Amino acid sequence: MKQILLVFIGGGTGSVARFLISKYLNSTSTGIPYGTFTANVLGSLFIGIILGLALKNNMVSQNTVLFLATGFCGGLTTFSTFAYENHVLLKSGDFVTFLIYTIGSFVIGFLFVFLGMFIAK
């Protein structure tokens with residue numbers, strides 16, 4: 001039960017953080033989802049650091065990993081919103097932004113996980 005509560009609280013906190021980031025960074029004038037991009041990239045960096053520390057000499061407890069990686073980072077990052085925003089970009093015919101956003105999100109997201117793991121070393 002404790003583990004479920006840790007994931008629940010972490011997920012809620014991460015979701016609120018994503019909401020605030022998106023509220024202030026998503027552009028209604030251009031339709032470019034800077035907030036979602038930022039939340040996903042930060043979540044990638046955070047999970048790289050958290051899991052890197054967890055793998056390194058067991059510096060992070062299992063409960064902390066559940067709270068931060070599964071909960072907070074799971075709530076902060078969002079594939080469903082990313083997919084929906086890509087749908088909107090395609091539907092509006094904004095293929096250049098779609099390609100930049102999609103490819104940039106994947107490439108930078110992966111790089112930030114690796115950067116987080118590197119930082120944890």
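With which side chain does the side chain of Thr 102 make a polar contact? Before turning to that residue, it helps to view the whole chain.

This is a predicted model, in which local features need pLDDT of at least 70 and side-chain atom pairs count only at pLDDT 80 or more, while totals for chains, interfaces and linings use all residues. Residues are numbered from 1 along each chain as its sequence is written, and side-chain values use heavy atoms, with hydrogens and water left out.

The protein contains five helices and zero strands, where helices are DSSP runs of H or I with at least four residues and strands are runs of E with at least two, numbered from the N terminus. Along its principal axes, the C-alpha trace spans about 50 × 30 × 20 Å. Of the 121 residues, 36% count as buried, a term that stands for under 20% relative accessible area with a 1.4 Å probe, protein chains only.

Thr 102 lies in helix H5, which covers residues 95-120, and it is buried, its relative accessible area being 15%. Leaving aside residues up to four places away in sequence, Thr 102 touches Phe 82 and Asn 86, contact here meaning heavy atoms within 4.5 Å. The side chain of Asn 86 is the partner asked about at the start, in a polar contact with the side chain of Thr 102 at 2.6 Å; such a contact is a pair of N or O atoms within 3.5 Å, of which, within protein, one must be able to donate a hydrogen and the other to accept it, and residues adjacent in sequence count only if both atoms are side-chain atoms. The side chain of Thr 102 also reaches the backbone oxygen of Phe 98, at 2.8 Å.

How values were computed. Buried means under 20% relative accessible area, exposed over 50%, partly exposed in between (1.4 Å probe, protein chains only).
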